[in-house]
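Colleague: Could you take me on a close look at one part of this model, the charged pairs, and then show me the spaces in the fold as well? I would enjoy one connected account.

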Amino acid sequence: MQKDNLYFLGLPAWGFPAWSRRFFNDTPSRLANYAHVFNTVEGNTTFYRIPDEPTVARWKEAVSSRPFRFCFKLPREVTHERFPDLHSLEKFLHVIEPLEDHLAPLLVQLPATVGPDDLFKFEQVFGLVSERYRFAIEVRHLDFFHEPELLDKIYDDYGGGRVMLDSRPLYFGDRNHPEVTKALHVKPDVPVVAESRNRIALIRLILHPDLISNGPYMEEWATHVSEFLRDEVETYMMIHCPNNLHCPTLALEFHNLLREKTSLDPLPPWPIPAEQHSLF
């Protein structure tokens, strides 16, 4: 599935209950089964709770035979409080250390309340993270999109990558769809910047549950990703949807679009026989 260890395709989770017996099973574990198909995942659980060491050890064992990477989000007390909790950051960075080569760039997600004048508060965060790991930064304050150069110092000093968030399928699709209405209150509507930094591209594409609405956006991102791979940019494509049930199907569709633009193998066979996949 990989192209010279540059292309990583994944979903927002590996254990969504509705995927059971449709896409993944628990043999030998749900994570190991997921990692048979996809080679990365967004680790959103770390935003809410720092895992303990036995949990991290189980995660490592589950993917030990696969070229798999976890894209963990920094804890919310580090990024979403008035001042970063550096003690929690140190604890988090220590506990994930055993995962070693199974770590993707860490996701530093700054909320819309953090603008250019607040970046000084995060200098220590960027410094501590960059000493041991790679990272990618996601911003939501509109000033960063009106003046993209405001982030240049972070990229230059700490080597971070760019997170590219695209929620256009939700905002330009059917907003009255029952699965979308609620999502519009939590998913940001920010301009799309399809530009990598420091040879890292982390794309979070939030697609519409009305699958026909997604075509132009998936086609556009397939083109961007093919260009990133051509330029040897390490690329992480995370496929989201307000209803996670649709994510595996959408990821397969994206992968097949990308295969038309660059040399990639098909996704590995799904762990459950194809005739049992009700969404295919």
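Modeller: Happy to! Let us begin with Glu234, which is buried, with a relative accessible area of 12%. Please keep in mind throughout that this is a predicted model. The partner of Glu234 is Arg134, and the closest N and O atoms of this salt bridge are 2.7 Å apart. Arg134 sits in the loop between helix 6 and strand 5, while Glu234 belongs to strand 8 (residues 234–240), so the bridge ties together parts that are 100 residues apart in sequence. Unlike buried Glu234, Arg134 is partly exposed, at 34% relative accessible area.

From here we can step back along the chain to Arg132, which lies in helix 6 (residues 123–132). Arg132 has a relative accessibility of 37% and counts as partly exposed. One of its salt bridges is with Glu90, where the closest N and O atoms are 3.4 Å apart. Glu90 lies in helix 5 (residues 86–95), so this pair ties together parts that are 42 residues apart in sequence. Glu90 is partly exposed too, with a relative accessible area of 35%.

Arg132 also forms a salt bridge with Glu97, and there the closest N and O atoms are 3.7 Å apart. Glu97 is found in the loop between helix 5 and strand 4 (106–109), and this pair again links distant parts of the chain, 35 residues apart. The relative accessible area of Glu97 is 41%, which makes Glu97 partly exposed. Arg132 thus has salt bridges to Glu90 and to Glu97.

As a general point, side chains of opposite charge can pair when their charged atoms come close. Over the whole structure, the search finds 17 salt bridges. Some of these join into a network that links Glu42, Glu138, Arg140 and Arg204.

That network leads us nicely to the largest pocket, since Arg204 is among the residues closest to the pocket's centre, together with Tyr48, Lys73, Val186 and Lys187. The pocket holds about 600 Å³ of space, and 22 residues line it. Helix 2 (45–48) and strand 7 (200–206) each supply at least two residues of that lining, with helix 2 giving the most, three residues. By class, the pocket lining has ten nonpolar, six polar and six charged residues.

Now for the enclosed space. The search of the whole structure finds one cavity of 30 Å³ or more, and its volume is about 150 Å³. It is lined by 15 residues, and those nearest its centre are Val139, Phe145, Arg162, Val163 and Val193. Strand 5 (135–138), helix 7 (143–146) and strand 6 (161–166) are the elements that give two or more residues to this lining. The largest share, four residues, comes from strand 6.

The make-up of the cavity lining is worth a look: 13 of the residues are nonpolar, two are charged and none is polar. Arg162, one of the residues nearest the cavity centre, is a charged residue by type. In the pocket lining, by contrast, six polar residues appear alongside six charged ones.

To return to where we started, buried Glu234 is joined by a salt bridge to Arg134.

Note on methods
Residues numbered from 1 in each chain as written. Predicted model: local features only at pLDDT ≥ 70, side-chain atom pairs only at ≥ 80, totals over all residues. Heavy atoms only, no water. 1 Å grid on protein atoms, 1.4 Å probe; cavity = no way out; pocket = protein on both sides within 12 Å on 5 of 7 lines; lining within 4 Å. Points joined across faces, edges and corners; volume = space filled by probe spheres on them. Salt bridge = Lys/Arg side-chain N within 4 Å of Asp/Glu carboxyl O. Buried < 20%, exposed > 50% of the residue type's maximum accessible area, 1.4 Å probe, protein only.
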